[in-house]
Amino acid sequence: MILMIVVMFIVAITATWRVASQQNERADLRSGQLLKTALDNRTATLRDHLADYADWGEAYLNLHQRMNIQWAWDGQNLGDSLYKLFQYEGVFVISPTGQTTYSVLNGQRQLEPFETWLGAQVLKRLQNELALSKGAPLTRIMMANGEPVIIGAAWIKTGSDASVRQTADNSTVMIFVDKLTPQKLVQMGHKYAIEQVSFKPSNPLAQAADYRVGMVNIPTDEGDMTLGWRSDDPGGALLKWQFPLLLGMGIITLLFIAAVLRSVLAKARSNDRNVWLLKQSQRALAASERRFRDVAEATTDWIWEMDEHLQLAWISDRFPAITGYPTRQWLGRSVTAFVPQSATAIKEWFTDPAADTVFTRKNCAYLSPEGQGRYCNIVIKRVDVSGGATTFRGTATDVTAELEAQERVKFLSFHDELTGLPNRISLKDFLESKLREHPYSGNQIAVITLDLDKFKPVNDLFGHATGDKLLKQVAHRLAGCISKNDQVSRHGGDEFVIILPDIQHRAEVDAVCKNITAALSAPFELVDNNDIFIGVSMGIALYPNDTQTPWDLMRFSDIALYEAKKDEHTRWIYFNQNMIEQIIQRREMENDLRCAISENQFLLYYQPRYDFRQSRIHAVEALVRWEHPTLGLLMPDQFIPLAESSGLIMGLSRWVLLNACKDINESLPAMTLSVNISAVEFLNPGLVERVKEALEVSGLPAAQLELEVTENVTLSQPERVLHIMHELKTLGVRFLIDDFGTGYSSLNYLRTFPFDGIKLDKSFIFAMESSDNARDVIENMINLGKSYSLNVTAEGVETSGQLSMLEKFKCDEAQGYYIGRPVPLEKIPQNKMM
């Protein structure tokens with residue numbers, strides 16, 4: 001009762017308060033809308049004035065094309081009238097470069113930068129917005145030096161004056177600034193019968209206690225600006241009389257009702273205590289039941305109860321979700337029928353009076369509704385209930401996924417995940433077991449190590465997903481080339497190993513290798529409308545002829561594979577002891593090369609390049625030679641591949657870059673220098689730093705340095721290569737494609753990568769004089785380079801006839817023995833004319 005009376009009075013007071021608040025809100029909303037309208041009108045007026053002055057042919061002539069102070073100020077075309085008539089404190093003319101060329105401040109001609117006078121950095125933003133609006137007048141309200149201002153800006157244009165021609169250069173900006181001073185705000189409010197309008201509610205006007213302040217937020221570029229005014233406060237008068245009357249009536253009513261209810265509450269208190277105790281006990285019971293139900297439903301186990309006949313009397317709700325069976329299908333049936341393979345053990349425990357009260361059994365097999373085998377762990381407990389009866393309750397945990405995961409881990413421990421073939425561990429066990437059996441068989445064991453040829457381009461061109469599909473098909477084809485007693489395994493990447501444990505003659509190994517070569521040479525259909533072709537190289541080691549230890553067999557077959565990959569025409573090679581000597585020699589040569597880099601055992605030769613347009617030698621290509629202490633002068637093809645494979649190419653490249661740049665800058669400063677860069681260098685860090693170092697140390701201008709790379713450099717990690725080339729291009733270095741036409745890259749790379757020129761491979765030049773087809777190919781390749789705006793150089797020019805044809809085809813440059821052989825720097829002809 002008291003609560004109802006209190007609520008009624010609260011509702012009455014709240015309603016009165018709400019009515020008063022709504023009256024004030026409507027009054028403030030109306031005043032706020034009027035202020036916004038006044039501000040919008042003032043902004044529109046400034047924009048109209050700005051349009052009149054900026055879109056004017058004479059202004060375009062006297063303020064944009066030149067600054068005519070006499071026209072602007074003395075002629076009062078842009079003078080103090082804007083301040084006297086419209087109170088515009090700032091009038092500015094901003095040049096296309098952002099300089100203030102004319103300004104009128106507070107009615108006085110005074111040149112001061114716009115942003116300095118305004119106290120805010122807004123010019124760049126205004127210029128950007130004018131660019132978007134194509135110079136149309138725009139206005140913005142913003143804060144400057146703690147007070148609101150209206151800023152208008154527009155491009156100065158010719159307007160409708162047809163006699164003035166607008167130029168295509170950048171535009172001059174005219175800016176009007178109207179500061180909303182306290183006086184202006186008060187005057188603006190008076191026009192709409194709004195008193196004491198001011199900026200910011202925190203000023204003394206907003207803090208005065210003798211009247212109510214209305215506020216409205218005006219959006220600006222820096223956030224909302226708040227204007228305040230003296231509110232009419234119609235709701236205050238209403239509350240002044242009605243609120244005390246309602247409050248007094250409420251207090252008197254509450255005191256009367258409190259006295260009546262006091263005695264009633266005392267009697268009810270004892271009854272409530274008894275009811276509370278009853279409810280507490282009921283809630284505790286319900287909570288216990290709810291906990292059991294939640295656990296039964298949330299657990300991964302399913303729970304059941306069975307009678308003395310082993311028949312299921314109750315099954316939890318998790319049973320269908322875990323097993324797939326509906327509950328009703330198994331109610332009343334024996335639990336031994338569900339796990340038939342464990343039925344004997346369950347019955348023995350059930351009938352043994354001396355058995356433990358809890359029965360546990362793991363990995364009990366059962367069938368899903370689809371007939372698939374599944375497994376569970378079961379626990380059964382004997383429970384005595386009231387009345388002397390006995391029941392059995394149990395849980396079952398499905399462990400199918402766990403057992404399958406264990407089997408999967410076991411499989412992956414001995415097999416390759418991608419192809420399903422045995423892995424290194426399985427191969428080791430198989431090979432060792434066959435070696436242990438060998439004394440009883442008397443036959444040879446062959447270990448064949450295979451490596452796929454042209455597999456890397458498949459990954460680079462079609463992606464790793466296609467590469468994985470290819471490896472799966474290769475595994476399938478290899479399995480079809482061997483017998484059931486043999487084993488094929490994958491070692492990783494594109495390397496496979498085959499064990500032939502029962503070989504009587506070497507011809508049997510050759511037959512298997514021939515079958516493998518034929519199987520893998522057939523096309524693979526992996527990509528739509530694209531047949532993929534690969535090859536295979538194989539190295540073979542025999543037990544017991546080559547060695548009697550398993551790992552030496554593997555090592556020797558790998559050495560033989562290395563030799564097979566050297567010769568692209570040889571598919572398989574048998575190991576022999578000379579191969580070990582070759583490896584030792586290669587290691588010695590690698591050590592010698594490492595010493596040569598540290599001891600400067602290299603020489604630089606330079607081959608000239610002829611420019612058809614200038615009819616003279618204008619560039620040289622740096623070619624490195626190695627003065628080996630015992631082997632004499634070695635050519636690049638005798639040690640560059642070794643440097644690339646051993647990682648020494650970076651140190652060698654640094655030496656060549658530094659010394660070649662120094663030579664040219666000191667002896668041939670007018671010549672262009674080209675240096676060959678290995679594709680390996682793009683896949684390792686430091687290339688950009690080495691080029692920077694060479695240019696800085698030598699002083700050679702970057703524009704005189706050309707880096708020659710083969711087109712195959714774009715195949716591996718093209719994104720990384722493109723990034724490095726752009727970094728070098730920013731230095732001013734140029735790029736040439738060496739041996740153009742002999743690699744795998746597509747013409748798309750000519751457009752994607754920042755090449756400056758191409759060098760046609762000499763194999764195309766040799767047949768020019770004797771073959772029309774060769775001449776057509778050369779002419780088309782030159783035209784191709786021209787169409788991509790590339791400089792075209794022909795390599796391998798050895799006769800005057802070849803040079804004449806190239807000049808006829810409008811080739812840019814030529815290089816070859818006819819122009820000049822590689823020679824030391826001092827023998828380069830500096831002004832040779834052809």
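**Close-ups of a predicted model**

**View 1. I251, a partly exposed residue on a helix.** In this predicted model, I251 has 47% relative accessibility, so it counts as partly exposed; the cut-offs for that class are 20% and 50%. I251 belongs to helix α9, which covers residues 234-298. Together with L247 and L255, I251 makes up a nonpolar surface patch, and the three share about 300 Å² of accessible area.

**View 2. Strand β10 and its two partners.** Here's a strand that is largely enclosed by the rest of the structure, because 5 of the 6 residues of β10 (residues 301-306) are buried. β10 pairs with β14 (residues 390-398) in the antiparallel sense, over 6 bridges. Its pairing with β11 (residues 312-315) is antiparallel too, with 3 bridges. W304 is a handy residue to follow: its bridge partner in β14 is G394, while in β11 it stands opposite I315. Look also at the hairpin of β10 and β11, where 5 residues lie between the strands and L310 takes a positive phi near 65°.

**View 3. An open, mixed sheet with a helix packed on it.** Five strands line up as β16-β17-β15-β20-β21, with mixed pairing. β16 (487-492) and β21 (572-574) sit at the edges with a single partner strand each, so one side of each has no neighbour in the sheet. On average, neighbouring strands are turned by 20° against each other, direction ignored. Within the sheet, β15 (residues 444-453) and β20 (residues 535-543) run antiparallel and are joined by 9 bridges; V447 has A541 as its bridge partner in β20. Helix α16 (residues 464-479) packs on this sheet, touching β15, β16 and β17 (495-503), and its direction makes about 10° with that of β17.

Note on methods. Residues numbered from 1 in each chain as written. Predicted model: local features only at pLDDT ≥ 70, side-chain atom pairs only at ≥ 80, totals over all residues. Heavy atoms only, no water. Patch = residues over 30% accessible without salt bridge, like charges linked within 9 Å, V, L, I, M, F, W, Y side chains within 5 Å. Areas by Shrake-Rupley, 256 points an atom, 1.4 Å probe, with all protein chains shown as cover. Salt bridge = Lys/Arg side-chain N within 4 Å of Asp/Glu carboxyl O. Helix = DSSP H or I, 4+ residues; strand = E, 2+ residues; numbered from the N terminus. Buried < 20%, exposed > 50% of the residue type's maximum accessible area, 1.4 Å probe, protein only. Pairing = 2+ DSSP bridges. Axes fitted to C-alpha atoms, helices over the stretch in contact; angles between N-to-C directions. Contact = heavy atoms within 4.5 Å.
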